[in-house]
Amino acid sequence: MTRSWAEPWKIKMVEPLTMTTRTEREEAIRAAHYNTFLLKSDDVYIDLLTDSGTSAMSDRQWSAMMLGDESYAGARSFYKLVDAVHDIYGYEELIPTHQGRGAEHLLSQILIKPGDVVPGNMYFTTTRFHQERAGGKFVDVIIDEAHDPKSMHPFKGNIDLAKLAAVVDEVGSERVAYVSFETNVNLAGGQPASMANIKAVYAYCESVDILVMLDATRALENAYFIQQREAGYEDRSIASILRQIADHSHGATVSSKKDNLVNIGGFLALRDPDLAREARALLVAFEGLHTYGGMAGRDMEALAEGIREMVATDDHARSRVGQVEYLGDKLIKYGVPVVKPIGGHGVFLDAAAILPHIPLDEFPAQALAAAIYVDSGVRGMERGNVSAGRDPVTGKNRHPKLELVRLTIPRRVYTQSHMDVVAESVIEVYEQAETITGLRFTYEPESLRFFQAEFESVS
Ligand code: F0G
């Protein structure tokens, strides 16, 4: 008999949750202008806004923080982090940043010239922002299946090599800044790339002299799916698969607030010492000295420990993704439209299918996230039309094919019973979907609008 997964830890400290009434939540969502980013966390019961920086740290991480060396230059904690990144990911050059977007900023500035093209497997909000800000143009080369919430393709994060080659042929390899290869693609629903695809993209890019830069933010979860789904990897450790992913790249940006199990931090990792030198020249201007960048010594300690802990046994990744799948399977069983297969870091509700009566320009996913909050105090996040923003050239809403609400599961924080409550609330809202109305902007920020936009009900 196969055994259930269970969390490979026990709970040492608890944080009480606030329960609110429906009336209080109706008031709170109005005050937050129907944007779950603008809710106060005290008004939230189960917080599935993001898996970013929301992990619970281990006793070892907390005790490592006490060892933080806060020296301005040459801190011991920095060298521990260098060793951890080198041992687990294999990268030689480490540039520590305050979080992922700090690394994206530096990478975009050193590699992108105005007019360059950056092909990648689906955009991510902050990543594309920095690519465009540096004068680049992001071109999506993910496989078509990634845009279809119903496709059961096991590796919906794959790059379509024909699409990539077409971009390179059109603009010439010297105008391609690098290939931006995201592991376990966030906006596709936490969907992995296969090792075969990762190897093929790397081999092709080597042949045309183009760098492959991973967004390795969720590479651990990608490695887990390779172990589960790709022939030949079933007996390999997740640590060795993760290492093999990184081996097929020239560098990576990482938001350590996800896989790496810390509340703040990130890094740019590179192989080429000359490129690393360029990045460090910017690092000292935008983040901090090259041996701490955007982190305190204690943050680097916790991060070094988190990097080792995430791969110490396969049980961590198995229970992490297992919990996400548990919630997803409950919703699938009930017939709630979700992105399939269930991804690594959250369950993505197909808002366009749940609310077919709301036109895309009235933001069905934004409205659904607000409705779930009002029902139960569960906070999710819009990942659709609002997040995609406007095309900088035409000024029109980008209308991505996926109009989703993301219920993102923090690592090591909630229990299976919390997942039961979430499923019950989503099912109840789904049953009353026709009562939900669309939204319109009352305030629309120019860039990364989803964070601070304000809405009102169209009804
Ligand atoms: N890349 C990916 C794939 C991400 O998911 C994120 C953040 C970043 C880069 C940026 O990293 O936040 O540390 O600056 N994603 C969070 C989320 C915000 O909720 O998905 P950051």
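The legends below describe close-up views of a predicted model, taking the two domains and then the ligand.

**View A. The two domains of the chain.** In this predicted model, the domain assignment divides the chain into domain 1 (22–51 + 314–457) and domain 2 (59–310). To the contact between them, domain 1 brings 35 residues and domain 2 brings 41 residues. The C-alpha centres of domain 1 and domain 2 are 26 Å apart, and the two domains bury about 2,800 Å² between them, of which 57% is on carbon and sulfur atoms.

**View B. The place of the ligand.** The ligand lies between domain 1 (22–51 + 314–457) and domain 2 (59–310), because both domains give residues to the shell around it.

**View C. The shell around the ligand.** The ligand is surrounded by 18 residues, and the closest of these are Thr50, Arg101, Asp215, Ser255 and Lys258. Sorted by class, the shell holds eight charged, eight polar and two nonpolar residues. Helix H4 (residues 100–111) contributes three residues, which is the most that the shell receives from one element.

**View D. Polar atoms beside the ligand's oxygen atoms.** A backbone N or O atom of Gly100 lies 2.8 Å from an oxygen atom of the ligand, while an N or O atom in the side chain of Arg101 is 2.7 Å from an oxygen atom of the ligand. For Arg406, a polar side-chain atom is likewise found 2.7 Å from an oxygen atom of the ligand. Of the 470 Å² of accessible area that the ligand has on its own, the protein covers 96%.

Note on methods:
Residues numbered from 1 in each chain as written. Predicted model: local features only at pLDDT ≥ 70, side-chain atom pairs only at ≥ 80, totals over all residues. Heavy atoms only, no water. Near = heavy atom within 4 Å. Polar contact = N/O pair within 3.5 Å; in protein donor to acceptor, adjacent residues only side chain to side chain. Areas by Shrake-Rupley, 256 points an atom, 1.4 Å probe, with all protein chains shown as cover. Helix = DSSP H or I, 4+ residues; strand = E, 2+ residues; numbered from the N terminus. Nonpolar A, V, L, I, M, F, W, Y, C, P; charged D, E, K, R; others polar. Domains from an automatic or database assignment. Contact = heavy atoms within 4.5 Å. Buried area = accessible area lost by both parts, 1.4 Å probe.
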